[in-house]
Amino acid sequence: MSEFPEYVDVSYTDGEGESAADYPELEDKIEKAIEVVATGLEEYETPAIMWTGGKDSTLTLYFVKEVAEEYGLDLPPAVFIDHYQHFDELLEFVDRWADEWDLEVVFARNDDVGAYVDEHDLEPGDDIEIDALSEHNQHHVRNILEYEEETFPFLLDTYVGNHLLKTVALNNTLEAHDIDGIISGIRWDEQEARADETFFSPRHDPDIYPPHDRIQPILQFDEGDVWDAFWYYVVPETVPEFPDEGYVPQDYDDLPNGLTHDDIPVSPKYFAGFRSLGSEISTEKSDEEPAWLQDLDNTTERAGRAQDKEDLMERLRDLGYM
């Protein structure tokens, strides 16, 4: 894909200068999300859904699934970035709901790094020798990141590790599957690096990534809105035994009508107090209460992550990460 297809007709300024305040009610936010998803499914020939198994991407996946069913459109495949350091519970969650929702999942992996890790039986934090990697990965490390050390640690929360395990894996998958639009669950309030995003965001520079667009239906949600959408819309609609008027669990085991965590499209890690599910190595629970009961307005959503500094996120975004 050398030039972006001319058949795509979307407004790249939709959402420019806006904030969550421009969508004051949850219904307003949902209506906009459905509009963006419908446009995305109609305009792009080979779209895909970025799915991490986390709350934002699962909410986005739900909207895509509902719109596809309503309009008789194909449900696009989901791209799951496997960076080799996921919580086991998250992988089980993805397998469970991919099967439940009849979803095709494409696993984006940096196989070269993965093979090195397996061959040398590495643990997170162990060093990876850059000269032992493929020319493609060496090019990214030396020429794009301009990293001069001989090794880098097998960790997500470093510039090199995050780029190779996430961004390179994603871009390789976009190219291999000729994906022209990827539907992602980022939000304006999540990070400063994403505050100026629009609902349709171009990524057309072939020197950085395979040209494509980012389709971003839930920019206008904040963290609390996401949880309200789950407990009052998503879960009642997808779980027949769940109360139609919604129900907000108050602790890990508080589920109505004999339901278990396997029945609910919400990762058990959120019930256990995690608000972010980056990796098993670098993410800790924020509190003992379920995520939706914590002080969402006065605490940081990603406080449980070892990193996520804004300058790093901005640089990774410029290189093609979400």
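A polar contact is taken here as a pair of N or O atoms within 3.5 Å, of which, within protein, one must be able to donate a hydrogen and the other to accept it. In the predicted model analysed here, such a pair is found at the start of helix α7, where a side-chain oxygen of D222 comes to within 3.2 Å of the backbone nitrogen of G224.

Helix α7 itself comprises 16 residues, numbered 223-238, and spans 21 Å from its first C-alpha to its last, a value close to the 22 Å expected at 1.5 Å a residue. A kink of about 45° is nevertheless present in α7, and this kink is centred on F230. The residues of α7 that are buried are E223, D225, V226, W227, A229, F230, W231, V234, V235, P236 and T238, so that F230, the centre of the kink, is itself among the buried positions, lying under the 20% limit of relative accessible area. The cover over the buried residues of α7 includes helices α1 (26-43), α2 (55-71) and α8 (268-271).

Two residues of α7 also take part in the lining of an internal void. A search of the whole structure yields two cavities of 30 Å³ or more, and the second largest cavity has a volume of about 40 Å³. The lining of this second largest cavity consists of G53, G54, K55, T58, F93, W227, F230, P265, V266, S267 and Y270, and the elements that contribute two or more residues to that lining are α2 and α7. F230 is thus both the residue on which the kink of α7 is centred and a member of the lining of the second largest cavity.

Helix α2 also holds D56, which is buried because its relative accessible area, 8%, falls under the 20% limit. When residues up to four places away in sequence are not counted, D56 touches G185, R187, E190, I218, V226 and E301; of these contacts, V226 is one of the buried residues of α7.

Open space was examined as well, and the second largest pocket has a volume of about 290 Å³. This pocket is lined by 17 residues, among which E175, P206, I208, Y209 and P210 lie nearest its centre. Helices α5 (135-144) and α6 (159-176) each supply at least two residues of the lining of the second largest pocket, and the largest share, five residues, comes from α6. I208, one of the residues nearest the centre of this pocket, is 64 residues from I144 in sequence, whereas the C-alpha atoms of I144 and I208 are 8.9 Å apart in space. I144 is placed in helix α5 and, with a relative accessible area of 28%, is partly exposed.

Several loop positions were then considered, beginning with backbone geometry. Most residues other than glycine have a negative phi. Y84, in the loop between β2 (78-81) and α3 (88-100), has a phi near 75°, a positive value in a residue other than glycine. D102, in the loop between α3 and β3 (105-108), likewise has a positive phi, of about 55°, although D102 is not a glycine. As to accessibility, Y84 is partly exposed, with a relative accessible area of 30%, while D102 counts as exposed because its relative accessibility of 69% is over the 50% limit.

P76 belongs to the loop between α2 and β2 and, at 6% relative accessibility, counts as buried. Apart from neighbours within four places in sequence, P76 is in contact with L41, P47, A48, I49, V64 and L103. The C-alpha atoms of P76 and P153, which are 77 residues apart along the chain, are separated by 35 Å.

E241 lies in the loop between α7 and α8, where a relative accessibility of 45% makes E241 partly exposed. Its C-alpha atom is separated by 7.5 Å from that of L259, the two residues being 18 places apart along the chain. L259 is also, together with N257, in contact with E241 once neighbours within four places in sequence are left aside.

Definitions and conventions: Residues are numbered from 1 along each chain as its sequence is written. This is a predicted model: local features need pLDDT of at least 70, side-chain atom pairs count only at pLDDT 80 or more; totals for chains, interfaces and linings use all residues. Side-chain values use heavy atoms; hydrogens and water are left out. Helices (H or I, at least four residues) and strands (E, at least two) are DSSP runs, numbered from the N terminus. The expected span of a helix is 1.5 Å times one less than its number of residues. The bend at a residue is the angle between axes fitted to the seven residues ending there and the seven starting there. Buried means under 20% relative accessible area, exposed over 50%, partly exposed in between (1.4 Å probe, protein chains only). Contact means heavy atoms within 4.5 Å. On a 1 Å grid over the protein atoms alone, a cavity is a set of points where a 1.4 Å probe fits but cannot get out, and a pocket is an open set with protein on both sides within 12 Å along at least five of seven lines; lining residues have an atom within 4 Å of a point. Grid points are joined across faces, edges and corners, and a volume is the space filled by probe spheres set on the points.
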